[in-house]
Amino acid sequence: LTMKNSIKKLLAFTVSVIIFTAFSSISANAQNQAQTDNERVFIKIEIKGLACPYCAYGMERELKKVSGVEDVDIELKTGMAYISTPISQKPSKEELTKIVDDGGFTAGGIEYSDRPFEIKKKKKKRS
């Protein structure tokens, strides 16, 4: 009977440690993401003349060359590109305009934010 109680207590303790570790990890990841977001500048670029997915792909490749840019999201329908960089590597509007113009398009408005922009989700086609 004592052995069973010891095993139950050990099992309860182990489960508690696992749950605590999982919540600690989730909390740390959320803090790291918040800290990462606080150290980045988010940029929305209007690109006039984007007409096809190939054009968007070419522009995406050029924008990824900007120092510090890891992800580029382009909404082909609206002609908007979304990027982020570390604050210390924030590109100027002139730099971004040159990249867009050199890509064969016309840069419209360029907006900076300390928070991510809301990007419209792509609708999946039904088959």
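These legends walk through several close-up views of a predicted model.

**View 1. The whole chain, with its helices and strands.** Welcome to the overview: the chain contains three helices and four strands, which follow one another from the N terminus as α-β-α-β-β-α-β. Of its 127 residues, 24% count as buried. The accessible surface amounts to about 9,700 Å², and carbon and sulfur atoms account for 56% of that. If we take the contacts between residues at least 6 apart in sequence, 63% of them join residues at least 24 apart.

**View 2. Confidence along the chain.** Before zooming in, it helps to see how the predictor rates its own model. Mean pLDDT for the chain is 83, with 79% of the residues at 70 or more. Which element has the lowest mean pLDDT, and which the highest? Helix H1 has the lowest, at 66, while strand S1 (residues 40–48) has the highest, at 96. Over residues 30–35 pLDDT stays under 50, and for this stretch the model has zero contacts beyond four places in sequence.

**View 3. A nonpolar patch with a residue of helix H1.** Here Leu10, Phe13 and Val17 form a nonpolar patch on the surface. Together they offer about 300 Å² of accessible area. Val17 sits in helix H1, which covers residues 2–38. With a relative accessibility of 37%, Val17 counts as partly exposed.

**View 4. Two cysteines without a disulfide.** Have a look at Cys52 and Cys55: why is Cys52 in no disulfide? A disulfide is a covalent bond between the sulfur atoms of two cysteines. The nearest cysteine sulfur to that of Cys52 belongs to Cys55 and is 3.1 Å away, whereas a disulfide calls for sulfur atoms within 2.5 Å, so the pair does not count as one. Cys55 is likewise in no disulfide, its nearest cysteine sulfur being that of Cys52. The structure as a whole holds zero disulfides. Cys52 is partly exposed, at 26% relative accessible area.

**View 5. A salt bridge between strands S4 and S1.** The structure holds four salt bridges, and one of them joins the side chains of Glu111 and Lys44, at 3.6 Å from N to O. Glu111 belongs to strand S4 and Lys44 to strand S1, so this pair links distant parts of the chain, 67 residues apart. Glu111 is partly exposed, with 40% relative accessibility.

**View 6. Salt bridges of Asp102 and Glu60.** In helix H3 (residues 93–102), Asp102 and Lys98 lie four residues apart, so about one helical turn separates them. Their closest N and O atoms are 2.7 Å apart in a salt bridge. Asp102 is exposed, at 56% relative accessible area. Another salt bridge connects the side chains of Glu60 and Lys64, at 3.3 Å from N to O. Glu60 is partly exposed at 23% relative accessibility, and Lys64 is partly exposed at 40%.

**View 7. Ala107 and its neighbours.** Is Ala107 buried or exposed? With a relative accessible area of 17%, Ala107 is buried, and its place is in strand S4. Leaving aside residues up to four places away in sequence, Ala107 touches Glu46, Thr97, Val100 and Asp101. Between the C-alpha atoms of Ala107 and Lys93 the distance is 9.5 Å, with their positions 14 residues apart in sequence.

**View 8. Asp114, after strand S4.** Asp114 lies in the segment that follows strand S4 (106–113). This residue counts as exposed, at 56% relative accessibility. Although Asp114 and Val41 are 73 residues apart along the chain, their C-alpha atoms are separated by 5.2 Å.

Technical notes:
Residues are numbered from 1 along each chain as its sequence is written. This is a predicted model: local features need pLDDT of at least 70, side-chain atom pairs count only at pLDDT 80 or more; totals for chains, interfaces and linings use all residues. Side-chain values use heavy atoms; hydrogens and water are left out. Buried means under 20% relative accessible area, exposed over 50%, partly exposed in between (1.4 Å probe, protein chains only). Helices (H or I, at least four residues) and strands (E, at least two) are DSSP runs, numbered from the N terminus. Contact means heavy atoms within 4.5 Å. Accessible areas come from the Shrake-Rupley method with a 1.4 Å probe; for residues, only the protein chains shown count as cover. Patches are made of residues with over 30% relative accessible area and no salt bridge: like charges are joined within 9 Å, nonpolar side chains (Val, Leu, Ile, Met, Phe, Trp, Tyr) within 5 Å. pLDDT is the predictor's confidence in each residue, from 0 to 100.
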